[in-house]
Amino acid sequence: MALFSHHYDYFLGYALSGGGAKGFAHLGALKVLEKCRLKPDIIVGTSAGALAGVFYADGYHPDEIAELFRKREFREFVEFTIPKTGFLKNRGLHTFLKKNLRATRFEELQIPFCAVVTDWNRASTVIFSNGDDLVDAVVASCSVPIVFSPQHINGVQYVDGGLLKNFPVSVIRKQCKYVIGVNVSLMIPPSVKDNIKTMMERTFSLMSNANTLFDKTYCDILIETGGIEKFSMFDLQNQHTIMEAGYHHAAVKMSENESWKIVKRCHRHDELTKKVRIQFDRFKGG
């Protein structure tokens with residue numbers, strides 16, 4: 001609640017980028033932000049950022065989210081299908097989310113959350129932030145075209161939000177006093193040996209990186225996780241290494257003077273908000 005910034009709906013927002021398995025870096029970054037005693041008033045995520053973001057908004061600690069994925073393999077989240085609109089179905093991911101999320105509706109989450117998807121037919125970005133399409137929206141946000149079949153929601157085909165908005169800072173920019181953005185999807189190097197998988201990954205990387213340029217400029221604090229570009233977007237075997245990279249880069253960024261100034265403003269806002277709530281509760285009780 002942005003109590004002392006009347007023209008903002010929220011004081012602090014987090015924007016989490018897409019990036020496949022590199023999204024484990026979000027968990028490391030979130031651990032650092034927790035150590036800075038920060039709590040977002042709203043979270044927006046695309047693809048892997050939506051996956052990390054929805055669990056965090058549901059009250060999971062970053063280590064608990066990592067534990068959900070530990071020792072799992074990519075094939076547990078998908079099933080092969082006769083290629084028509086995609087090689088794989090996201091049914092496993094859908095089941096995984098329904099089993100582990102406590103909330104079934106957006107409104108039941110502990111922190112307001114937005115999932116960014118792409119309307120396949122209209123070629124436009126769509127934001128899901130309310131109603132009972134929570135699981136479907138997150139699955140849609142992770143549905144990389146060609147690899148996965150589109151996710152149908154109310155008769156509409158949706159695919160990965162990273163196609164048009166991989167780093168969704170602009171989605172919440174006008175609503176928030178401050179936005180901390182975590183971008184885990186830096187340009188991957190060309191593969192030494194090309195095949196369909198590596199060509200697809202680099203193509204998607206080129207597209208998603210191109211549409212992040214403006215959003216980077218909208219961050220008050222921009223955390224980018226270099227050094228993990230070599231990891232495949234489907235790599236679930238190196239989550240600890242990727243998470244550690246996210247932690248390291250976030251720790252470096254948050255130790256900068258400009259970052260710490262914003263952290264202290266957030267602390268002051270939280271303290272003032274608590275005081276006002278206490279006074280309001282006393283007034284109601286009196």
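1. A residue counts as buried when its relative accessible area is under 20%. Phe96 has a relative accessible area of 5% and is therefore buried. The model discussed in this note is predicted.

2. The structure has eight aromatic pairs in total. One of them joins Phe55 and Tyr60, with ring centres 5.3 Å apart and planes at 90°, an edge-to-face arrangement. Phe55 has 0% relative accessibility, so Phe55 is buried. Tyr60, at 11% relative accessible area, falls under the same 20% cut-off and is therefore buried as well.

3. Phe55 also pairs with Phe96. The centre-to-centre value here is 6.0 Å, and the planes meet at 65°. This pair is edge-to-face because the angle is over 60 degrees.

4. Which parts of the chain does the pair of Phe55 and Phe96 link? Phe55 belongs to helix α2, which covers residues 48-57. Phe96 belongs to helix α4, residues 91-100. The two residues are 41 residues apart, and their pair links distant parts of the chain.

5. These rings are part of one aromatic cluster, made up of Phe24, Phe55, Tyr60, Phe69 and Phe96. Within this cluster, the buried residues include Phe55, Tyr60 and Phe96.

6. Tyr60 has a charged neighbour to note. Arg102 lies over the face of the Tyr60 ring, 4.0 Å from the ring centre. Tyr60 thus appears both in an edge-to-face pair with Phe55 and beneath the side chain of Arg102.

Definitions and conventions. Residues numbered from 1 in each chain as written. Predicted model: local features only at pLDDT ≥ 70, side-chain atom pairs only at ≥ 80, totals over all residues. Heavy atoms only, no water. Phe/Tyr/Trp six-rings, centres within 6.5 Å; stacked < 30°, edge-to-face > 60°. Buried < 20%, exposed > 50% of the residue type's maximum accessible area, 1.4 Å probe, protein only. Helix = DSSP H or I, 4+ residues; strand = E, 2+ residues; numbered from the N terminus. Lys NZ or Arg CZ within 6 Å of the ring centre and 35° of its normal.
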